[in-house]
Amino acid sequence: MNLGYACINMTLSGQKPKVTTNRSMIKKTFKEKGLSYAGELGMLNAADLGRILKWNVQNNIKCFRLSSEFFPWASEYKFEDLPQYLRIKTLLAGAGHYAKSNGLRLTSHPGPFNVLVSPHKHVVDNTITDLRIHGEVFDMLGLERSPYNKINIHCNGVYGDKQSAMDRFCKNFELLPESVRTRLTVENDDKASMYSVKDLMYIHERIGIPIVFDYHHHKFCTGDLSEQEALELAISTWPEGIKPIVHYSESKALHEGNESLKPQAHSDYINELPNTYGNDVDIMVEAKAKELSILPFIKTNRCEYSGLRNTSSYESLYE
């Protein structure tokens, strides 16, 4: 079992100069400064990705979710048109080679505006564009075209008829480039009206993509399955030879004892590791404190023991 975190390294982003892959700009700035500035930000993001990956390896972190903000306004141009394209391509290839050489699993989670179930053509077209960009970035990194380097999305809508929505997902999936289709995964939701693991089995059986099990979401959308049942059903959808990856977070409302907060909101830290019921999975921890939330478990080697839970508060982990 390996632990990972998402997108931002709090330690490195707090340094001066800060290390980040989230340099961006508003559209007005893009229109004023154009491709040259977009390429400059993309190049700086690509360079800092290498620094983050090296930090992860030095700290025994084996999973990392890439930011979706590498290239500001990427839907407005082709990567090849950026003046810095060759340098960017070299930096990303180097980062990907370093990750593979050091057993570091890289994934992504494009935003909620990606809606393959949408009945609206412009929404689907925009989704295909955004997912294509993710696939191209993964290809520049030299990552394998498999769910090991997953590009993970939600269905993000029911539109009054869940069955028809899932049919649209499957139909629109075929419109995606191979760089996306071979890596795409789908995740269960945190609302009872949305998609449980049981619901998503319909999509898996139609088009074969794996299901990413989210422990926290399952609490709000069980599909009448226990945690173990849902986890193991999701695990069963993964190809042989590729370790399934799951998502784990805890409720901010419970951590802070604040009933006014949405129970679905993610806490800053985690108090325990999830029970994997003896299954070998990688765990992406979706806590707001990012790498700081998993370092105590890694430093005490608790992530090596599948199913072990730590019941102490996160404060005590730093004592």
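A pocket, as the word is used here, is an open set of grid points where a 1.4 Å probe fits, with protein on both sides within 12 Å along at least five of seven lines, and its lining residues have an atom within 4 Å of a point. With that in hand, welcome to this structure, which is a predicted model.

**Confidence**

Let us begin with how far the predictor trusts its own work. Average pLDDT for the chain is 92, and 94% of the residues reach at least 70. One stretch to treat with care is residues 304–319, where pLDDT stays under 50. For that stretch the model has 38 contacts beyond four places in sequence.

**Two pockets**

The table sets the two largest pockets side by side.

| Pocket | Volume | Lining residues | Nonpolar | Polar | Charged |
|---|---|---|---|---|---|
| Largest | about 680 Å³ | 28 residues | 13 residues | 12 residues | three residues |
| Second largest | about 500 Å³ | 20 residues | six residues | seven residues | seven residues |

If you would like to find the largest pocket on the structure, look for S68, E69, F113, D130 and H134, the lining residues that lie nearest its centre. Strand β2 (63–66) and helix α4 each supply at least two residues of that lining. Helix α4 gives the most, with eight residues.

For the second largest pocket, the lining residues nearest the centre are H109, H154, H217, H266 and E286.

**The nonpolar cores**

Now to the packed interior. The largest nonpolar core has 85 residues, and those that touch the most other members are F71, F79, F169 and L184. Helix α4 (residues 121–141) appears again here, as the source of the largest share of this core, nine residues. A second, separate core holds six residues, including C63, V212, I242 and I245.

F169 is a good place to see the packing of the largest core. Leaving aside neighbours within four places in sequence, F169 is in contact with L116, V117, I153, C155, L184, V186, I203, I207 and I209.

**A closer look at T127**

One residue of helix α4 deserves a visit of its own: T127. T127 counts as buried because its relative accessible area is 0%, and the cut-off for buried is under 20%. Which residues does T127 touch, not counting those up to four places away in sequence? The residues in question are F113, N114, V115 and L116. Two of these names have come up before: F113 lies among the residues nearest the centre of the largest pocket, and L116 is one of the contacts of F169.

Technical notes:
Residues numbered from 1 in each chain as written. Predicted model: local features only at pLDDT ≥ 70, side-chain atom pairs only at ≥ 80, totals over all residues. Heavy atoms only, no water. pLDDT = per-residue confidence, 0-100. Contact = heavy atoms within 4.5 Å. Core = buried A, V, L, I, M, F, W, Y, C linked by side-chain atoms within 4.5 Å. Buried < 20%, exposed > 50% of the residue type's maximum accessible area, 1.4 Å probe, protein only. Helix = DSSP H or I, 4+ residues; strand = E, 2+ residues; numbered from the N terminus. 1 Å grid on protein atoms, 1.4 Å probe; cavity = no way out; pocket = protein on both sides within 12 Å on 5 of 7 lines; lining within 4 Å. Points joined across faces, edges and corners; volume = space filled by probe spheres on them. Nonpolar A, V, L, I, M, F, W, Y, C, P; charged D, E, K, R; others polar.
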